[in-house]
Amino acid sequence: MKHFDVLVRGSGIVGQSLALSLARLGLQVALRPDPVRSDGSPDVRAYALNATSVSLLQALKVWDALPAHAATAVHDMHIEGDAPGASLDFSAWEQHVRELAWIVDAAVLERELASAVKFAPHVTVTTQDVHATLTALCEGRTSATRDALGVNFERNDYGHRAIAARLSTGRAHRNIARQWFRSPDVLALLPFDTPQPQSSYALVWSMPNERADVLMAADDGVFEQALMQATAGAAGELKLVSSRADWPLMRAQASAWCGPGWVLLGDAAHVVHPLAGQGLNLGLADVTVLSQVIAEREAWREVGDEKLLRRYVRQRLTPTLAMGQLTEGLLRLFAQDLPLVRELRNRGLTLVNHLSPVKRWLTARALDS
Ligand SMILES: Cc1cc2nc3c(=O)[nH]c(=O)nc-3n(C[C@H](O)[C@H](O)[C@H](O)COP(=O)(O)OP(=O)(O)OC[C@H]3O[C@@H](n4cnc5c(N)ncnc54)[C@H](O)[C@@H]3O)c2cc1C
């Protein structure tokens, strides 16, 4: 059996990025995709990626290979509460950055990573069993190998699902991401340039399971009407240009992230609510930090040494827990229907909107997870 330095299990965005990143250090990497093939339907999601994630993809030579229509810059962000006039605005110009985030086509990004993997000299894609000094588990939230290791995946199911779809509208998006926070749903329209440049959006709409059941079963016309009602026409007349897909929402955290010869990254280690668009950003930050820790290891230390892997965990645990708590806190705050709580949260939004230092701090956290 051939021996590798690292076996990466799971070829989602985190797994493929890790394989490429470690191969750049000269390590021999085996990448094992899921033996169970997906149903082949394209992922309709578009991810909001922060500056740190974009830097990693640039270093892996994947960012520049993305077709222009697959990545749209966000220059402004407009958040609305559930009371008239309660809103919060962020702008790249005000925060002295070129863009607040990039909205990237999930399926195209996976495809570009796969073609980079194909040409990477030190990466072997295999479904065979192989020996490796380190096994990196990037199998996503349902990781069977993590479960087989006896690692507890502590999960808090929200009883909510997120519906994703692609939309087009007659009105230009002007690179503004729009989000509505109200009880009990959170709706995001992410500016996008496919199929219509400057007038498409990627939708992420999270809501309680019962409502999601109704909206997933509704025909396109009824769904579009519900969208128009929820957005009050702020983004123009929204039309579906893709099928709808939905995901159950949870917050989850593995009880252990590493052991002798194994380590967890991405959703296999932690899952957060997508309302802040940070799950994949956290996973790509895991890739950056693990690669750095491995690159800087003592010459005599093996890549599977648990002491080495703990250095990675120490750097990643705190920001990941903080992001999980922040998203859960926001969700709880906006799930409350008591008039007093509603009044306070909407006043809070408006107050933050007038506090430049707080906005700068929030933007800095969002740009670098
Ligand atoms: C609706 C929605 C919107 C989101 N929007 C954003 C956003 O805007 N920004 C953001 O940063 N994040 C976002 N996220 C979060 C993001 O989707 C995840 O954090 C990210 O996809 C995790 O990537 P991953 O590679 O760790 O896991 P996955 O994407 O789940 O990939 C895991 C891979 O491992 C494979 N696999 C599973 N089991 C095995 C096995 N036993 N052996 C080998 N392979 C296996 C799977 O088939 C899959 O290919 C969103 C999530 C949802 C649900």
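Which side chain makes a polar contact of 2.4 Å with the side chain of arginine 161? Keep that question for the third stop; the tour starts with the whole chain.

**The whole chain**

Show everything as a cartoon. This is a predicted model. The secondary structure comes to 10 helices and 18 strands. The chain has 369 residues, and buried residues make up 51% of them. Colour by element if you like: of an accessible surface of about 17000 Å², 55% belongs to carbon and sulfur atoms. Among the contacts in the chain with a separation of 6 or more, 74% are between residues 24 or more positions apart.

**Stop 1: helix H1**

Select residues 13–23, which form helix H1. This helix is mostly covered, with 11 of its 11 residues buried. The buried residues include Ile13 and Val14 at the start of the selection and Leu22 and Ala23 at the end of it. Gln16, Ser17 and Ser21 are also buried in H1. Leave H1 displayed, since this helix comes back at the ligand.

**Stop 2: a sheet of three strands**

Next select strands S3 (46–49) and S4 (71–74), then add strand S7 (residues 101–105). Together they make an open sheet in the order S3-S7-S4, with antiparallel pairing. S3 and S4 stand at the edges and have a single partner strand each, so one side of each is left without a neighbour in the sheet. From one strand to the next, the twist averages 25°.

Now look at the pairing of S4 with S7: the two run antiparallel and are joined by four bridges. To find one pair of facing residues, pick alanine 71 and valine 104 in S7, which stand opposite each other.

**Stop 3: arginine 161**

Select strand S10 (residues 153–168) and show the side chain of arginine 161, which has its place there. Is arginine 161 buried or exposed? Its relative accessible area is 16%, and because buried means under 20%, arginine 161 counts as buried.

Show aspartate 246 as well. Here is the reply to the opening question: the side chain of aspartate 246 makes the 2.4 Å polar contact with the side chain of arginine 161. Aspartate 213 takes part too, through a side-chain polar contact with arginine 161 at 2.8 Å. To fill in the surroundings, add the other residues in contact with arginine 161, leaving aside its neighbours within four places in sequence; among them are Trp205, Met207, Asn209, Trp247 and Leu249.

**Stop 4: strand S5 and its partners**

Select strand S5 (residues 76–80) and strand S6 (residues 87–91), which run antiparallel and are joined by five bridges. Glutamate 80 stands opposite serine 87 in S6. Six residues lie between the strands of this hairpin, and glycine 85 there takes a positive phi near 85°.

Then add strand S11 (residues 176–181), which pairs with S5 in the parallel sense over five bridges. Histidine 78 and arginine 178 in S11 stand opposite each other.

**Stop 5: backbone details in three loops**

Most residues other than glycine have a negative phi, and most peptide bonds are trans. The next three selections depart from that pattern.

- Lysine 61 lies in the loop between helix H2 (51–59) and S4. Its phi is near 65°, a positive value, and at a relative accessible area of 63% lysine 61 is exposed.
- Histidine 96 lies in the loop between S6 and S7. Its phi is positive, near 60°, and histidine 96 counts as exposed at 69% relative accessibility.
- Proline 195 has its place in the loop between strand S12 (186–192) and strand S13 (200–208). The peptide bond that leads from threonine 194 to proline 195 is cis, with omega near 5°.

**Stop 6: the ligand**

Finally, select the ligand and the 23 residues that surround it. The closest are Asp34, Ala48, Asp267, Leu280 and Asn281.

Which residue has a polar side-chain atom 3.0 Å from an oxygen atom of the ligand? Show tyrosine 47, whose side chain supplies that atom. Two other approaches to ligand oxygen atoms involve the backbone. A backbone N or O atom of alanine 48 lies at 2.8 Å, and one of asparagine 281 lies at 3.0 Å. The ligand has 1000 Å² of accessible area on its own, and the protein covers 85% of that.

Colour H1, S3 and helix H7 (279–295) to end the tour: these elements give two or more residues to the shell around the ligand. H7 gives the most, with three residues.

Key
Residues numbered from 1 in each chain as written. Predicted model: local features only at pLDDT ≥ 70, side-chain atom pairs only at ≥ 80, totals over all residues. Heavy atoms only, no water. Pairing = 2+ DSSP bridges. Axes fitted to C-alpha atoms, helices over the stretch in contact; angles between N-to-C directions. Buried < 20%, exposed > 50% of the residue type's maximum accessible area, 1.4 Å probe, protein only. Contact = heavy atoms within 4.5 Å. Areas by Shrake-Rupley, 256 points an atom, 1.4 Å probe, with all protein chains shown as cover. Polar contact = N/O pair within 3.5 Å; in protein donor to acceptor, adjacent residues only side chain to side chain. Near = heavy atom within 4 Å.
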